[in-house]
Amino acid sequence: MVNATFGVGTPGLTRPAPLPRWLVLLQGIVALVFGILLLVYPVGTLAVLVVFLGIYWLINGIFVLASLYSDRTDLWWKMLVSVLGILAGILVLAYPLYSTILLPTLLAIIIGVEGLIIGAVQLARGLGGAGWGAGILGIVSIIFGLILIANPFVAALALVVILAILAIIGGCAAIIIALRMHT
């Protein structure tokens with residue numbers, strides 16, 4: 001049984017157990033603080049997040065490598081994931097300031113390339129008879145993809161601001177929901 005809240009249900013239960021009120025409130029407060037910090041100190045907060053990401057990649061790479069002792073299925077993929085994770089973690093931890101600039105910029109470039117690909121597919125669908133809406137969507141996606149690729153650093157900064165705003169909105173919503181929950 002699968003449910004939308006947690007992904008896995010418990011047999012015999014019709015509804016998943018709701019999260020405790022204090023946990024929803026804590027999630028809201030953390031998201032709100034995170035969003036405010038990203039707006040007030042974008043580079044510093046992003047640098048801390050990138051260091052955490054580097055630590056995660058390093059630890060994940062080590063665990064995937066260690067899992068090969070007990071499970072050798074998908075050996076080459078696990079080796080690739082573990083080596084790349086360990087190398088990425090070491091590089092991010094060795095050069096945290098460069099990584100703070102490089103990772104969001106690289107993400108903006110990847111999103112830009114995806115926008116170009118999606119735009120080309122939608123444009124082809126629109127010209128192939130799917131309607132003018134698909135064609136317009138394709139053109140808009142191509143334009144945004146080109147903007148992201150042409151200005152990846154500016155796009156990365158905009159991504160940080162958008163993430164901050166979404167964290168503030170989500171944090172406020174979670175706090176309101178927690179205060180309205182019945183205990």
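Let me begin with a pair of helices, α4 and α6, whose axes lie 8 Å apart and which pack at an angle of about 100°. That angle makes α4 roughly perpendicular to α6, given that anything from 65 to 115 degrees is placed in that class. I should say at once that this is a predicted model, and everything that follows should be heard with that in mind.

On the α4 side of this contact we find I101, P104, T105, L107, A108 and I109, and these meet P152, F153, A155, A156 and L159 in α6. When the residues of the contact of α4 with α6 are sorted by character, 10 are nonpolar, one is polar and no charged residue is present.

Staying with α6, this helix runs over residues 152-180, which is 29 residues, and from its first C-alpha to its last it reaches 41 Å, close to the 42 Å expected at 1.5 Å a residue. Which residues of α6 are buried? They are P152, A155, A156, V160, A164, A167, G171, A174, I175 and A178. Here it helps to recall that an α-helix has 3.6 residues a turn, so residues three or four places apart point the same way. As for what covers the buried residues of α6, the list includes α1 (21-40), α2 (42-67), α4 (96-130) and α5 (132-150).

Let me turn now to α1 and α2, whose axes cross at roughly 125° and come within 5 Å. The two helices are therefore oblique to each other. In this contact F34, L37, L38, L39 and V40 of α1 meet P42, T45, L46 and L49 of α2, and the residues of the contact divide into eight nonpolar and one polar, with no charged residue.

What does α2 look like on its own? For its 26 residues, the span should be 38 Å at 1.5 Å a residue, and the end C-alpha atoms are 37 Å apart, which agrees. Buried within α2 are T45, L46, A47, V50, G54, G61 and V64, and the buried residues of this helix pack against α1, α3, α4 and α6.

L49, which belongs to helix α2 and takes part in the contact with α1, is partly exposed, at a relative accessible area of 32%. The C-alpha atom of L49 is separated by 9.9 Å from that of P96, although the two residues are 47 residues apart along the chain. A second pair links distant stretches of sequence in a similar manner: Y98, which lies in helix α4, and A47 are 51 residues apart along the chain, while their C-alpha atoms are separated by 9.3 Å.

Y98 also brings us to the aromatic side chains, where the count comes to one aromatic pair. That pair is formed by Y95 and Y98, with 6.1 Å from centre to centre and 45° between the planes, and the arrangement is tilted. Are the two partners buried or exposed? Y95 counts as partly exposed, at 47% relative accessibility, whereas Y98 is exposed, with a relative accessible area of 63%.

Two residues around α3 deserve a word before I finish. D74 lies in the loop between α2 and α3 (75-94), and its phi is near 55°, a positive value in a residue other than glycine. With a relative accessible area of 54%, D74 is exposed, because the cut-off for that class is over 50%. K78, by contrast, lies in helix α3 and is buried, with a relative accessible area of 17%. What does K78 touch, if residues up to four places away in sequence are not counted? The partners of K78 are V64, S67, L68, D71 and T73, and V64 is itself among the buried residues of α2.

Lastly, E114 is placed in helix α4 and is partly exposed, with a relative accessible area of 44%. The C-alpha atoms of E114 and A31, which are 83 residues apart along the chain, are separated by 28 Å.

To return to where I started, the contact of α4 with α6 has no charged residue, and the contact of α1 with α2 has none either.

How values were computed
Residues are numbered from 1 along each chain as its sequence is written. This is a predicted model: local features need pLDDT of at least 70, side-chain atom pairs count only at pLDDT 80 or more; totals for chains, interfaces and linings use all residues. Side-chain values use heavy atoms; hydrogens and water are left out. Helices (H or I, at least four residues) and strands (E, at least two) are DSSP runs, numbered from the N terminus. The expected span of a helix is 1.5 Å times one less than its number of residues. Buried means under 20% relative accessible area, exposed over 50%, partly exposed in between (1.4 Å probe, protein chains only). Contact means heavy atoms within 4.5 Å. Axes are lines fitted to C-alpha atoms, for helices over the stretch in contact, and angles run from 0 to 180 degrees between N-to-C directions. Angles under 35 degrees count as roughly parallel, over 145 as roughly antiparallel, 65 to 115 as roughly perpendicular and the rest as oblique. Ala, Val, Leu, Ile, Met, Phe, Trp, Tyr, Cys and Pro count as nonpolar, Asp, Glu, Lys and Arg as charged, and the others, Gly among them, as polar. Rings of Phe, Tyr and Trp (its six-membered ring) pair if their centres lie within 6.5 Å; planes under 30 degrees apart count as stacked, over 60 as edge-to-face and the rest as tilted.
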